Structures are given as structure tokens and as C-alpha cells.
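The following paragraphs lead the reader through a single molecular structure, from its sheet to its ligand site and its backbone details. Please keep the sequence and the model in view while reading.

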Amino acid sequence: MIDFSDPEFVSNPYPALKLLREENEPVWHEGLNMFLAARYEHANQVLRTKSLGRIFTAREPEELWEDFNWLHADSILDSEPPKHTRLRSLVGKAFSRSRIENLRPEIERIANRLLDEAQVKLSDSGSFDLIADYAEPLPVKVIANLLGFPDEDEHLLRPWSQSIVKMYEVDPSEQAKTEAREAASEFAEYVRGLMLERKVNPGADLISELVVVEEAGEKLNARELIATCILLLNAGHEASVNGFGNGMVAAFENNQMGLLRTKPRAIAETAVEEFLRFDAPLQLFERTATAPTVVGGVQIGQGQKIAALLGSANRDEEVFSSPEMMDLTRDPNNQIGFGAGIHFCLGAPLARLEMQVSLPLLMERFPGLELAKTPSRRPTFVLRGYQEILVS
Ligand code: HEM
């Protein structure tokens, strides 16, 4: 049975996931108390089946977890139709491919400014950190601008988000729980303040747009507004940071830098899909059966849970040729890193654009980019990424 917190597993989960796929059907995991769908076909089915819902279970004791609980229960990701349909349609337009494409010049400007700063660091100290100096600030800045989150408080976003998402790991520590509760309360209070402020001083941002809907009183209440904004702020950068970092390290380790150096623009689109396929930044999503459901021949009883393993699905030999090989020109590439079904990533056009813009700009600025030190991984499986990637 897989031990999801074993450092050896976390450092390279793919051999163990391959063994799991060889079982040919979803397997019960005693420790997690759920089935695991490791094959592409089964993971995809888990995400697309109506009777397998994202059902949020409130944490207890409820008086301690109150803010954390409603921040999830009232968000798009942790709700099901009809509430999910209502919330998603309110923000859907803002993330459509065409609206997102308009952000290209701004993303280029932010990336170039970060690269200028990285260049200074490089000449001052001989290296810079691909995570802290590039992959992280870029999506944080973009999503903060889109929502109208104040520049001077942007530094608060990443720590709040990090504390909250630690609860998505398989066995969070007591300290992680305390930090998640505090972060949820502080973040909710902060966004409530922003909401009240935008009622008086509206701007050209998404929070102001949502405030108008909330005031109309039918489609959105204050808690839903706050929960949705916090979800967008968190989801809007966590996976993008790690998707970029995981992909870059894998490219260094799998002989792909030649291609990235010589034709970064020409291969940007396929490279980004392969980054997300080869080492998915989000590995596991749970669903709960609202009625008895069969997946891959296995009966999931009402109330039982099953998880879709996205990184494993992306290495399924039935769907991808030579799945253990990284190929930045891979086409077709039906990677499932953005999920599937009704919860399919709302921010996929934004994440793709950010990476397709920032990757070639990085390579054009630093064609001789190399790892300066063995990169250090975060000790987590569900959100898979690096702590630091020093490059020179
Ligand atoms: C490489 C980057 C990203 C990856 C790999 C990713 C992946 C995912 C996945 C797998 C889901 C579905 C979860 C499930 O089915 O339970 C999801 C949902 C979501 N993502 Fe992303 N995401 C990324 C970037 C973004 C960005 C930039 C945003 C910005 C707004 C975003 C916003 C959302 C939202 C709002 C949902 C919930 C959708 C719903 O429940 O209907 N994501 N994402």
C-alpha cells in the first residue's frame, strides 16, 4: 500500500503509481479510506460522473473551523449543481479564452520586469531562484491585478494560500491545522474589507463586478463572493507556480533544454502541455459517491470516496506513447492536469497563456540557463512542487 507521506515516494511517486495502474481497476486504500483511480480512463470517469460529487465535509469542531469551512462550502470548487452552476457562470466570462488573451501584453510586461530583476541578481550573486524570482510572482501579480487586490498587500497572498492548501495534503500536522484556520480567518476578513471598500469606490476589477451582483441580492451572497475571490486568488497561482517549476526541472533532467534554447517560441504550446503531463502540479482530487457507482468494474458505495490520480493518469501507457519520456513537442497530448467534467479548471486559458508567454521570454533572456544546485522539493504529494530552483 502506498505511503503518501514517505519522502521516497514523494521524491518520485511515478514507479509506485505505475504499479497501481497495473492493478487495472481502482484500488482501496485503507489509510486514506478511499479508492484510488490511477488509470487515465478511470480518473477521467471519476471526474466526469455526476453521481461522484465534490462534497465538502466540514471540519470539526465547527466553532474552531467556522471560517475555513464556509470559505470552502461557499466556493465554486467545493459546490455541486445547482449552486456550482450559478457561481461558475458568474465568473466564467472573466476567464474565457478571448478575455484572457487580452492580458497577453500585461503578462509580457510583468515577465520582462521580473527577468530584469533576475538579471541583476544573477550578476550580483551568480544565481537566482526560478520559483521565488519568476514562477511565483508572475501568476500572483496577474491574478491579483485581475481581481483588484492591492499591490502593497500582494505579499500576503502566498503565505495565506500556502497555509490553506496544506490542508489538502493527506495527513496535515496540528501546526498546519492551526495555521490554516488562522489564514482562513485573516484572508476572509481582508477580502470582506475589500468588498466593502469597492461598494463605495468601485474599480475596473473582478471584485467590483461581483460586488454589483452581490448588491442585486439574487445570485450571490457576501460569503459566496468572499469564498469565490479567495478561491480564485489561491487557485490562480498555486498550481501555475509548481507547473512551471516541475516542468523546468524535468526539462533540465530529461535532455530537453536544447530544444527550449533553440526554438522556445515555436514549441511553447506543446512544451507547456508536456510540462503539465510529465510532472503534474496537482496530483489527487477526491469525489464522494452520492449513489452507488461503478468505476472500472469496482462498486463505489453511496458515501464512499474515490480519488482521481492526475499525475498517474498522465503517465498511462494506454493513452501516451513512451509516457516516461519527456517530449516537449508531443502532439497530440490529452493530458488531464486541468481535470475534466464540470469542475474542469476555470483558469486553464490563463494558466496556459502565462506559461506560454513566460517560458520563451525566460529562455530568450537566459539561453545558457543551468541548474546551479540540486533543486529542493516540497515534502508534499497532492500539491507537487519545488521549494527552490537555483539557476545560473
Ligand atoms: C497550471 C496551472 C493549473 C492547474 C494544473 C490547475 C488544475 C486544476 C484542476 C485539476 C481543477 C479541478 C479540480 C477538481 O476537479 O476537483 C481546477 C479547478 C479550478 N481551477 Fe485550476 N489549475 C491551474 C491554474 C488555475 C488558474 C490560473 C486559475 C485562475 C483563476 C484557476 C482556477 C480554478 C478554479 C476556479 C477551479 C474550480 C472550477 C470549478 O470547480 O468549477 N486554476 N484547476
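Leaving aside its neighbours within four places in sequence, with which residues is alanine 37 in contact? In this predicted model, the contacts of alanine 37 are Pro26, His42, Ala43, Val46, Val295, Gly296, Ile306, Ala307, Ala308 and Leu309. One of these contacts also appears in the pairing of strands, for alanine 37 stands opposite alanine 308 in β8.

The sheet itself is the next subject. It is an open sheet of 5 strands in the order β1-β2-β8-β5-β3, and its pairing is mixed. The edges are formed by β1 (27-29) and β3 (52-53); each has a single partner strand, so one side of each is left without a neighbour in the sheet. Helix α3 (residues 40-48) packs on this sheet and touches β2, β3, β5 and β8, its direction making about 125 degrees with that of β8.

Strand β8 deserves a separate description. In general, strands of a sheet pair through backbone hydrogen bonds, either parallel or antiparallel. Both senses occur around β8: strand β2 (residues 34-37) runs parallel to β8 and is joined to it by 3 bridges, whereas strand β5 (residues 284-289) pairs with β8 in the antiparallel sense over 5 bridges. On the β2 side, phenylalanine 35 stands opposite isoleucine 306. On the β5 side, glutamate 286 stands opposite alanine 307. Of the 5 residues of β8 (residues 305-309), 4 are buried, so the strand is largely enclosed by the rest of the structure.

Is lysine 305 buried, partly exposed or exposed? Lysine 305 has its place in strand β8. A residue counts as buried when 20 or more other C-beta atoms lie within 10 Å of its own, and as exposed when there are 12 or fewer. Lysine 305 has 18 other C-beta atoms within 10 Å and is therefore partly exposed. Leaving aside neighbours within four places in sequence, lysine 305 is in contact with Asn33, Met34, Glu286, Arg287 and Thr288. Arginine 277, by comparison, is 28 residues from lysine 305 in sequence and 25 Å from it in space, C-alpha to C-alpha.

The interior may be considered next. The largest nonpolar core has 109 residues, of which Ala37, Ala43, Leu147, Ile230, Ala308 and Leu309 touch the most other members. Helix α13 contributes the largest share of this core, 9 residues. Leu147 also belongs to the buried residues of helix α9, which include Pro137, Leu138, Pro139, Val140 and Lys141. In helix α9 (residues 137-147), 10 of the 11 residues are buried, so the helix is largely enclosed by the rest of the structure. Just after α9, glycine 148 takes a positive phi of about 80 degrees.

Attention now turns to the ligand. How many residues surround the ligand? There are 27, and the closest are Gly236, Ala239, Gly339, Cys345 and Gly347. Three helices, α13 (222-235), α14 (238-253) and α18 (348-365), each supply at least two residues of this shell. By class, the shell consists of 18 nonpolar, 7 polar and 2 charged residues.

Several backbone details remain. Glutamate 60 and proline 61 are joined by a cis peptide bond, with omega of about 0 degrees; proline 61 lies in the loop between β3 and α4 (62-73). The peptide bond from aspartate 331 to proline 332 is also cis, with omega near 5 degrees. Proline 332 lies in the loop between α17 (310-313) and α18.

Positive phi values are found in residues other than glycine as well. Asparagine 24 has a phi near 70 degrees and lies in the loop between α2 (14-21) and β1. With 12 other C-beta atoms within 10 Å, asparagine 24 is exposed. Asparagine 255, likewise not a glycine, has a positive phi of about 60 degrees. The place of asparagine 255 is in the loop between α14 and α15 (257-262), and its 10 C-beta neighbours inside 10 Å are the reason why it counts as exposed.

Terms used: Residues numbered from 1 in each chain as written. Predicted model: local features only at pLDDT ≥ 70, side-chain atom pairs only at ≥ 80, totals over all residues. Near = placed C-beta within 6 Å. Nonpolar A, V, L, I, M, F, W, Y, C, P; charged D, E, K, R; others polar. Pairing = 2+ DSSP bridges. Core = buried A, V, L, I, M, F, W, Y, C linked by C-beta atoms within 7 Å. Contact = placed C-beta atoms within 7 Å. Axes fitted to C-alpha atoms, helices over the stretch in contact; angles between N-to-C directions.
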